[in-house]
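Welcome to the tour! Open your viewer, get ready to select residues by number, and follow along one stop at a time.

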Amino acid sequence: MQNTMLRDLSVLWAMFHVIFLFVMLFRSRYTRRKTLLAAGAGMGILMILNMVLGWVFGFGFLGKIFFFTCSIPSFVFFYIFSADKKFRFLFTFCLADTTCLWIMAVTNLLDFYLGGGKFVLMFFSRLIAFPLVEYLAYRFLRKPYLELQAAVAKGWGIFSGTTMLYYILLTMVVQYPVNIVERPGDVPVCVLILMLMLCNYGMIFSSLYGQLMLYRKQQNERILQEQLESQQHIRKLKHDMKGYTVTIAGLLATGKVDEALDYLKNVQGEMDACMGQYCPNPYINAVLCSYFQKFERIGATLESDILIGDEQLPYMELCQILSNGLENAADALRKLPQEQREIFVRMKYNKNRLIIRIKNACSSDLVVEKGTIPRTGKEGADHGFGLPTMLEAAQKIGGDLMCYTEDGSFVVDVMVTMKNSAKNP
């Protein structure tokens with residue numbers, strides 16, 4: 001009886017952790033608090049029902065119907081909450097399930113052949129294995145994986161198909177027609193499948209990591225290209241200054257003072273749009289200039305409060321944050337009527353923290369609560385594409401990001417704690 005209890009408790013432990021692992025990796029449409037509360041309530045009820053079935057009909061029987069009593073209901077439940085649909089969601093769901101099935105199969109075999117089938121080794125190995133896998137997933141996988149889901153929309157079909165087939169294959173090999181430990185002749189095949197799964201998952205994540213690196217490279221190249229174009233335009237304006245001076249001098253020499261003033265205003269407007277009037281940092285200024293011109297071209301009303309100096313800053317990450325945030329804002333404003341296109345940009349210090357705020361008008365049906373990263377805006381929503389990249393860049397330099405909607409505006413706040421070398425302007 002004691003041995004059976006250890007087995008039953010290890011199954012309950014596994015059911016809890018498969019849900020925990022999945023929640024760690026998927027992107028919810030709602031706030032983390034709402035998601036955790038709903039998952040705890042919904043999955044708690046589902047776990048209790050499955051445990052009752054296991055105790056009444058036996059856990060061997062439960063293993064055969066687990067796909068219908070737990071996998072499908074939890075799939076439907078989390079699909080409703082997920083910001084990602086189709087193959088991205090399917091891959092994440094199957095990834096969590098197959099990982100936990102793999103651990104359960106391995107610990108089952110270890111207990112039978114090394115622990116004498118008394119379930120003691122099974123219980124303690126699962127007690128350690130699941131938290132260890134979750135720690136490794138949180139430490140090394142979670143952030144890049146969430147960024148990858150937000151950045152890459154295509155190419156998930158083959159990966160999700162592979163994980164789904166592994167889920168079905170593991171279930172069949174381990175449970176049908178009876179548990180694998182009761183079929184010694186099938187154990188070598190089961191072990192080979194478990195090893196093959198590790199190799200294939202290694203190739204899948206290697207491919208996904210390559211896509212993430214390509215995405216980051218493209219983002220950095222776009223930022224650098226914008227900076228280069230702005231700097232080239234500045235150099236051109238400096239070169240043209242001689243011609244401007246000659247023209248103004250000619251107008252003044254002939255007594256055409258009003259014409260000279262009008263000409264000077266036009267020159268000043270062009271210079272203000274491209275030269276360093278926003279901030280002394282040439283890299284950040286180049287990004288601001290490029291996007292502020294873009295806002296002017298789409299007829300957006302722009303208000304800015306840029307109060308940073310020429311102090312040393314992590315300009316690569318800050319440019320990445322600004323570029324993605326301003327690009328999101330430009331995409332959202334283009335969808336609004338001309339009279340509603342408003343944007344506010346702030347960069348200033350609060351003690352030893354650099355505060356960045358990008359606030360733009362958005363559609364009235366967009367609702368984003370604090371603590372939520374909305375999904376990509378390339379499929380109809382107003383925001384989301386690039387926000388995980390902004391969060392990653394902010395965290396890389398010791399900061400954080402928060403976005404939300406209020407009074408018809410979408411707000412992105414970034415706070416970065418600056419080192420002592422950064423001097424307040």
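**First stop: a charged meeting point**

Select Lys-348 and Asp-305, whose side chains meet in a salt bridge, 3.9 Å from N to O. Lys-348 sits in strand E2 and Asp-305 in strand E1, so this pair ties together parts that are 43 residues apart in sequence. Keep in mind that you are looking at a predicted model.

Why can such pairs form? Side chains of opposite charge can pair when their charged atoms come close.

Now add Arg-346 to your selection. Its side chain also meets Asp-305 in a salt bridge, at 3.4 Å from N to O. Arg-346 lies in strand E2 (residues 342-350), 41 residues from Asp-305 in strand E1. With shared partners, the salt bridges join Asp-305, Arg-346 and Lys-348 into one network. Is Lys-348 buried, partly exposed or exposed? Its relative accessibility is 28%, so Lys-348 counts as partly exposed. Arg-346, at 27%, is partly exposed too.

**Second stop: along strand E1**

Stay with strand E1 (residues 301-306) and pick Leu-302. Its C-alpha atom is 6.1 Å from that of Glu-342, although the two residues are 40 apart along the chain. Leu-302 is partly exposed, at 28% relative accessibility.

**Third stop: another salt bridge**

The structure holds nine salt bridges. For one more, select Asp-413 and Arg-357, where the closest N and O atoms are 2.7 Å apart. This pair links strand E5 (residues 409-417), home of Asp-413, to strand E3 (residues 353-361), home of Arg-357. Asp-413 is buried, at 13% relative accessible area, while Arg-357 is partly exposed, at 23%.

**Fourth stop: helices side by side**

Show H10 (residues 315-334) and H11 (residues 387-396), whose axes come within 9 Å and cross at roughly 155 degrees. The cut-off for roughly antiparallel is over 145 degrees, so H10 and H11 fit that description. In H11, the buried residues include Leu-387, Met-390 and Ala-393. Just after H11, click Gly-398 to find a positive phi of about 80 degrees.

Next, show H4 (residues 86-114) and H6 (residues 157-175), packed at about 30 degrees with axes 8 Å apart. That angle makes H4 roughly parallel to H6. H4 passes H6 in a left-handed crossing.

**Last stop: a nonpolar patch**

Finally, select Ile-48, Val-52, Trp-55, Val-56, Phe-57 and Phe-61, which make a nonpolar surface patch of about 660 Å². Which helix gives the most to this patch? Helix H2 (residues 32-57) does, with five residues. Val-56 is found in H2, and at 57% relative accessibility it counts as exposed.

Notes
Residues numbered from 1 in each chain as written. Predicted model: local features only at pLDDT ≥ 70, side-chain atom pairs only at ≥ 80, totals over all residues. Heavy atoms only, no water. Patch = residues over 30% accessible without salt bridge, like charges linked within 9 Å, V, L, I, M, F, W, Y side chains within 5 Å. Areas by Shrake-Rupley, 256 points an atom, 1.4 Å probe, with all protein chains shown as cover. Salt bridge = Lys/Arg side-chain N within 4 Å of Asp/Glu carboxyl O. Helix = DSSP H or I, 4+ residues; strand = E, 2+ residues; numbered from the N terminus. Buried < 20%, exposed > 50% of the residue type's maximum accessible area, 1.4 Å probe, protein only. Axes fitted to C-alpha atoms, helices over the stretch in contact; angles between N-to-C directions. Parallel < 35°, antiparallel > 145°, perpendicular 65-115°, else oblique. Left-handed = near helix turned anticlockwise from the far one by under 90°.
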